[in-house]
Structures are given as C-alpha cells and as structure tokens.
Amino acid sequence: LIEGPTGLTLVDTGIGLEDVRDPERRIGWEVIDAAGFQFREEDTAARQIERLGFRREDVRHIVLTHADPDHAGGLADFPEATVHLSAEELAAVEAGTAMGAEASRYAAPQFAQGPRWETHQPSGGAQTWFGIEAVPLSLGFESEVLLVWLPGHTLGHCGVAVETEGGWTLYVGDAYYLRVELASDDHPISRLTEMRAEDDGLRKRSLEHLRRLAREHAEEVTMFGYHDVEEFAEPPA
Ligand SMILES: [Zn+2]
C-alpha cells in the first residue's frame, strides 16, 4: 500500500471480501485446493486498510501485477479505484473469461463488477528501468512508480518499482514464488513456477533480469515477491 498526498495506491489486491463470503462461486474448489487458499476476512486488503485508519474509498489506484485469483479478488472492494495493468494482461483476462471457467486461469466473477481499467503498453525499448522495459504510472503524486515488464507467469505479468529515499523497491509479484529461485533452478519450487507459467521461456528471461538486479544492483534495489512467507517476516535488505 502506497500512501500519496491524493490518496492510496494498492499494489495487488489479494483475496477480497466477496471471495471470503462465497469462495466456491468466486474461485471454485479445484483451484482453492490446488493453491491452498485461506479465507480470513481480517487478512483482506479492505480490512487491513481500515485497521490502518483509512476508508476503502481512499484507495484511488490499484496496480495489478497480473490477474490470477489470489491477486485480483479484492478489486470489487475498492470501487473508487482506477486499475492499472498491462494491456496484454487485460487482453488475456478478457479472452480467458470469454472461454469460461474450465478453460481459463482467471476467475470471471472477480471482474463482474466492471473495474475501471487503465492499460499500459511497453514502449518497445524507449523506456527502461535498469535495462528492463518499464513505464511510469500517473498516480497523482510526485514519487516514481513504474510498471516493470516481467512476463511469463502470465503473458502480461509485470512487477512494480517504487522509488524510495535510498533507492528502489521492486515488488516482483509472481516472477518468483520463493526468493531461493534467484539463486537456484534445482529447488522443488521451480517445478511449480514452471508448471504455472503461461510462457516458461519468457518466465526464465524475466527471472534472469531479477538475478542480474540481485547481482549488480543489490545496493539500490530491494526486491520482494507475493508468495514467500520469509519475506513477509522481515523484508530482505
Ligand atoms: Zn500468485
């Protein structure tokens, strides 16, 4: 969650209140069992943001790394937000939801309320961040927030880079599941990341970008992902 002078920006929404109320209709048991979803209302972004003393309407922007059910379920909880994502990801969502629940990795009910989408295109190399395709997002305040192309997990998957006082924080979304993937291809988790990748060649290329950042720019760039519990306890330096 990024606090700006004109409101809040939420990066990925996690599971939402509607998912907690009706997981079967929203996501379906097959996916829930496969991914190990846990539905606790107090863990939703909506409730966490309220506990911080904000209102849900204060969230003016959402940036989605990608639209898998564990990342997009909370969209409906923030009706005032403009939702930023790559154009390719939205195209995949629309194609997927048109195909129906059996054929798509995306959960159509999570988008039924009609989010106010704002899509972004890569610049074809004109704009980069540490050598990775990236475009700045206009969120109504000065600080730099960039959508950083890290495709492969899904076709339009992106990370989000935020300029901080000492450098940059890069949220990698699902470009890796566990941080150990930065160091090794042999960890058992690599089988799962491979299996879940829409395009595994692209995923590997994105991972190589992250490995290069970790090698050459560890001083300037702090990285974390969505799924590694160890990174929640204490953000890595
Ligand atoms: Zn995920």
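**Notebook: the zinc site and Thr 13**

I began with the angles at the zinc ion: among its four donor atoms they run from 86 to 169 degrees, and the site is classed as irregular. A tetrahedral label would have required all angles to lie between 85 and 135 degrees. I note that the model is a predicted one.

Next I looked up which residues supply the donor atoms. The protein donors are Asp 70 (OD), His 71 (NE2), Asp 174 (OD) and His 227 (NE2), at 2.1 to 2.3 Å from the zinc ion. I recorded their spacing in sequence as D-H-x102-D-x52-H. Asp 70 belongs to helix α5 (residues 69–72), while Asp 174 sits in the loop between β10 (167–171) and α7 (189–196), so this pair ties together parts that are 104 residues apart in sequence. I checked the burial of both, and Asp 70 and Asp 174 are each buried.

I then turned to Thr 13. I located Thr 13 in the loop between β2 (7–11) and α1 (17–21). Is Thr 13 buried or exposed? Its relative accessibility is 3%, so Thr 13 counts as buried.

I followed the side chain of Thr 13 to its polar partners. This side chain reaches the backbone oxygen of His 71 at 2.8 Å, and His 71 is also one of the donors of the zinc ion. The side chain of Thr 13 also reaches the backbone nitrogen of Gly 74, at 2.9 Å.

Last, I listed contacts of Thr 13, leaving aside neighbours within four places in sequence; among them are Ala 45, Ile 62 and Leu 64, as well as Ala 72, Gly 73 and Leu 75.

Key
Residues are numbered from 1 along each chain as its sequence is written. This is a predicted model: local features need pLDDT of at least 70, side-chain atom pairs count only at pLDDT 80 or more; totals for chains, interfaces and linings use all residues. Side-chain values use heavy atoms; hydrogens and water are left out. Donors are N, O and S atoms within 2.8 Å of the metal (3.2 Å for Na, K and Ca); water is not among the atoms, so sites may look incomplete. Four donors count as tetrahedral if all angles lie between 85 and 135 degrees; four count as square planar and six as octahedral if opposite donors are over 155 degrees apart and all others between 65 and 115; anything else is irregular. Helices (H or I, at least four residues) and strands (E, at least two) are DSSP runs, numbered from the N terminus. Buried means under 20% relative accessible area, exposed over 50%, partly exposed in between (1.4 Å probe, protein chains only). A polar contact is a pair of N or O atoms within 3.5 Å; within protein, one must be able to donate a hydrogen and the other to accept it, and residues adjacent in sequence count only if both atoms are side-chain atoms. Contact means heavy atoms within 4.5 Å.
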